[in-house]
Amino acid sequence: MEKHEAITIAEYQLTAESFKVGTWAHDVSQNRQALAAAMPRNPGRILDLGCGPGRDLVAFQAEGHDVVGLDATPAFVEMARQVANCEVWQQTFLDLQLPENYFDGIFANASLIHVPRSEMVRVLRDLGRSLVAQGAIVMSMVRGEGEGFSHRPTGARYVVGWEYDTLAPCVEAAGFQIVRHYYRPPNAPPEAQNWLAIVAQKIVAQKAG
């Protein structure tokens, strides 16, 4: 495990309960709906990448989807298993062990923000291999161009900011076609929309002949 991963996971582990309380009511239905609309099957099989305490696993299940969670923080893995009663894998984003051609969609809501800029294309390629043909991914990312530790009283989290013009080439280089992008929170003035969401589908290679 890389040092920045260990530091970030330790901070989440220490604050897991307060994180659950503070984020459980956040409304990211816009992102969930964007993923479902772009998937080849709806309902389908979804990987919630960086599922945290399991809020969106529960929401996807209520909408009829088959879900699997993934998180690197042990406390979140246990919380998510309890609330969603589904498989939750404990893995880091830089060492993913995923089945190939398995998921219809990947929900990466405020999770890939922890991947270093230099590793983004590789991680997206790993995720792409786990998607079925024309499988979809939704990425919700912090806007900006900074990269480094965000320090807190309880530790630090490694966070990377992106803008559409810098992230789109990485998504395309990893074998995805971008369907759309938008900014969040919805209905907020542009200067207050500090999240970028990208919806993309896995490109299916055309067979020769």
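Here is a short walk through four spots in the backbone of this structure, which is a predicted model.

Let's start with the prolines. If you follow the chain out of helix α3 (29-38), you enter a loop that runs to strand β1 (45-49), and Pro43 sits in that loop. Look at the link between Asn42 and Pro43: this peptide bond is cis, with omega at about 5°.

Now move further along to strand β8 (176-184). Between β8 and β9 (195-202) there is another loop, and that's where you'll find Pro185. Here, too, the peptide bond is cis: it joins Arg184 and Pro185, and omega is about 0°.

Next up, a different backbone angle: phi. Head for Asn85, in the loop between helix α5 (74-84) and strand β3 (88-90). Asn85 isn't a glycine, yet its phi is positive, near 50°. Is Asn85 buried or exposed? With a relative accessibility of 70%, Asn85 counts as exposed, because the cut-off for that label is over 50%.

The last stop is Ala110. You'll spot Ala110 in the loop that connects strand β4 (103-109) with helix α6 (120-129). What is the phi of Ala110? The value is positive, about 55°, although Ala110 is not a glycine. As for its surroundings, Ala110 has a relative accessible area of 25%, so it is partly exposed; that label covers values between the buried limit of under 20% and the exposed limit of over 50%.

How values were computed: Residues are numbered from 1 along each chain as its sequence is written. This is a predicted model: local features need pLDDT of at least 70, side-chain atom pairs count only at pLDDT 80 or more; totals for chains, interfaces and linings use all residues. Side-chain values use heavy atoms; hydrogens and water are left out. Helices (H or I, at least four residues) and strands (E, at least two) are DSSP runs, numbered from the N terminus. Buried means under 20% relative accessible area, exposed over 50%, partly exposed in between (1.4 Å probe, protein chains only).
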